[in-house]
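Hi everyone, thanks for making time. I'd like to walk you through a structure that's probably new to most of you, so let's get it up on the screen.

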Amino acid sequence: MLFWLAQNEEHVVNIDHQVPMFKNSLQGFLKVLVVVIVVWLSTPAMSNTAVQLHVQDDQVVIDNGIFQLTLSNPGGIVTGIRYGGIDNLIELRNKDLNGGYLRPCSGILIGANQEVKEQGESSIRMIEGTSFTVIVENEEQVELSFTRIWVPSLQGKQAPLKIDKRFVVLRGCSGFYSYAIFEHLEDMPAFIINTTRIAFMLNKDKFHYMAVADNRQRFMPDPEDRLPNRSQVLAYPEAVLLVDPLEPEFQGEVDDKYQYSCEDKDNRVHGWISFDPPVGFWQITPSNEFRTGGPFKQDLTSHVNPTTLAIFVTPHYAGADLVVKFEAGEIWKKVYGPVFIHLNSVPDKNEGLSLWDNAKEQMNIQVQSWPYNFPASEDFPLSNQRGILSGRLLVQDRYISKQNMPAKGAFVGLAAPGDVGSWQRECKGYQFWTRTDEAGYFTIKGIRAGDYNLYASVPGFIGDYRYDVAIKVAAGSVIETGDLVYGPPRDGPTLWEIGVPNRSAAEFYIPDPNPMYINKLYVNHPDRFRQYGLWERYADLYPDEDLVYTIGVSDYKKDWFFAQVTRKIGEKTYKGTTWQIKFKLGTMDQNGTYKLRLALASAQNSELQVRVNDAEANPPLFSTGEIGKDNAIARHGIHGLYWLFNVEVPSALLMQGDDKINTIYLTQTRHTSPFQGIMYDYIRLEGPSAST
């Protein structure tokens with residue numbers, strides 16, 4: 001059909017020149033029609049072929065007429081995907097990394113390949129099913145289960161978990177679904193899960209273009225470019241400088257998988273494009289209910305090898321708080337997924353980039369279809385077995401408005417009962433989040449039955465909200481909370497502030513990277529903080545003296561470095577840093593207590609000490625103690641876990657008058673690594689409540 005259009009478009013060009021209006025109109029119509037057909041061809045190929053299952057001694061093949069999925073039997077490892085003219089989208093020729101991405105860490109990996117490293121063990125092994133069961137088999141659907149039961153005699157060599165891996169193929173669907181059910185039973189010993197993820201290692205001869213977002217996509221280096229003879233390892237193994245890549249265009253660039261991390265609230269679709277033939281492989285996560293740490297938790301997406309990941313559990317950008325820990329005999333079960341692996345293609349490689357647009361459309365379809373009604377496991381409640389909760393969130397801050405204000409664009413969610421803000425460290429249960437509208441109204445759908453607290457984070461206001469009333473959601477229930485009011489921490493009027501309360505350091509000064517460590521994708525990019533090695537730029541800008549910020553003169557967008565890191569003073573030797581905030585007070589309440597609010601966006605093995613008008617005061621007015629292991633500075637994350645500290649500043653420590661300059665000293669004392677430190681979210685000094 002495209003050939004017919006091309007021939008007729010050429011014929012139109014030769015139409016009698018006496019009728020240019022007709023010619024132009026028809027040409028325009030044909031061009032629009034070509035675009036429509038190209039978009040139509042970009043959608044998944046539909047097929048009326050029944051789903052067929054072929055079981056063999058060592059493998060299982062599912063074929064729905066669009067693609068063919070091959071899994072090992074009984075291991076349940078994906079060993080083949082035939083689609084779009086490519087015999088196998090999966091890579092099977094590597095020495096170690098085949099079918100999926102394997103990372104040597106303590107935890108569990110599920111999906112294309114599986115691995116486990118027991119706590120205290122150094123070896124890595126595949127988690128393979130030991131039994132195979134056909135759960136559903138008909139013309140419309142095939143669902144398979146690959147189960148591995150824990151064997152007590154293998155303690156120390158096998159994860160003490162019952163693992164049920166599921167794969168689902170539907171009729172007429174260009175892709176497949178995968179999920180897993182993890183269970184820790186009362187006869188099982190103590191254990192920790194560090195990492196849980198579905199991973200695929202793709203055919204490295206075919207997939208060279210990666211897309212994570214509209215403005216985060218590019219041709220990627222080859223996996224061979226990371227080999228020791230072609231690259232130089234930088235501050236950590238994941239980051240390498242490409243010194244002799246196969247394609248000269250990548251020479252001098254940094255490749256680092258953490259540069260492609262994403263917040264879970266935005267981590268819906270990512271993957272790879274092959275241009276010969278033009279085929280797309282996409283990992284779509286339709287819901288975050290089974291992920292840990294809430295909507296702002298960051299994690300990996302896709303990266304060189306080529307690899308695509310669906311992350312469920314990791315300590316990335318959080319630290320040990322998000323390692324799942326079990327006591328001996330603790331009973332626990334959780335369903336991870338389903339996630340959707342979407343396959344698409346177009347006939348013309350010049351239209352290959354349209355596969356990303358189609359993947360986004362398919363992502364929206366999957367999100368709208370959640371919760372799915374096809375999973376056959378009784379552990380996955382269907383849509384009619386879930387609840388709905390609605391309400392309205394308002395903000396009460398009398399120093400901003402005498403009336404309650406709608407919490408516009410607030411993140412509102414249900415998570416396991418806990419303290420204020422505990423949701424960002426919660427990792428065993430399910431979480432359900434949404435955003436409020438302009439008037440503060442919200443609706444959370446598809447909630448699993450259970451007991452929850454309702455939490456919220458409101459952009460523009462510090463702190464976290466928690467509804468004091470526990471919420472019990474029953475299957476099919478509809479709950480109305482009415483108006484809820486959040487009173488952010490506030491004792492008095494704002495005397496001055498630095499930054500924006502948004503749980504991120506992105507608004508502060510982000511330096512240009514060292515020209516030796518460039519990722520071209522992030523040159524003149526909104527996410528410029530993702531460049532490698534920005535922590536080293538602090539010592540370049542402040543080689544001898546630390547940052548000094550003057551209220552009313554300095555601009556936090558230009559003068560407040562995005563991270564308070566250590567300063568290098570020798571080979572692998574670093575020094576803690578002290579930043580100063582200088583300000584004047586006019587009329588001062590001599591008997592009142594002022595309040596310094598310190599909202600931190602990240603902390604990595606740090607201790608923040610606060611002193612007022614005496615840089616040598618011992619002890620300091622306030623110390624956080626050692627906090628944080630999120631490593632967000634090194635991993636280009638611009639934030640990790642959120643911290644809020646409220647420091648009382650007695651008026652006796654302050655000076656009033658236009659000729660008096662007060663100084664707050666912020667000292668980060670720890671100094672054992674180059675990217676150790678904190679990132680500030682927001683700083684505010686409040687006057688006493690009676691102050692004018």
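I'll talk about one strand and its neighbours, and then about the cavities.

Just so you know, what you're looking at is a predicted model.

Okay, let's start with strand S9, residues 162–170. Of its 9 residues, 8 are buried, so the strand is largely enclosed by the rest of the structure. Buried here means under 20% relative accessible area.

So who does S9 pair with? One partner is strand S8, residues 141–148, and the two run antiparallel, with 8 bridges between them. If you want a spot to click on, Leu144 has Phe167 of S9 as its bridge partner.

Then there's strand S10, residues 175–184, which is also antiparallel to S9 and joined to it by 8 bridges. Here you can look for Lys165, whose bridge partner in S10 is Ala180. S9 and S10 form a hairpin with 4 residues between the strands, and Gly172 in that hairpin takes a positive phi near 70°.

Right, on to the empty space. How many cavities of 30 Å³ or more does the structure hold? There are 3.

The largest has a volume of about 120 Å³. It's lined by 13 residues, and Phe296, Lys297, Gln424, His639 and Gly640 lie nearest its centre. That lining is a mix: 6 nonpolar, 5 polar and 2 charged.

The second largest cavity comes in at about 50 Å³. Its lining includes Phe529, Trp535, Phe562 and His636. The split there is 7 nonpolar and 3 polar, with no charged residues.

That's my tour, thanks!

Terms used. Residues are numbered from 1 along each chain as its sequence is written. This is a predicted model: local features need pLDDT of at least 70, side-chain atom pairs count only at pLDDT 80 or more; totals for chains, interfaces and linings use all residues. Side-chain values use heavy atoms; hydrogens and water are left out. Buried means under 20% relative accessible area, exposed over 50%, partly exposed in between (1.4 Å probe, protein chains only). Two strands pair if DSSP finds at least two bridges between them. On a 1 Å grid over the protein atoms alone, a cavity is a set of points where a 1.4 Å probe fits but cannot get out, and a pocket is an open set with protein on both sides within 12 Å along at least five of seven lines; lining residues have an atom within 4 Å of a point. Grid points are joined across faces, edges and corners, and a volume is the space filled by probe spheres set on the points. Ala, Val, Leu, Ile, Met, Phe, Trp, Tyr, Cys and Pro count as nonpolar, Asp, Glu, Lys and Arg as charged, and the others, Gly among them, as polar.
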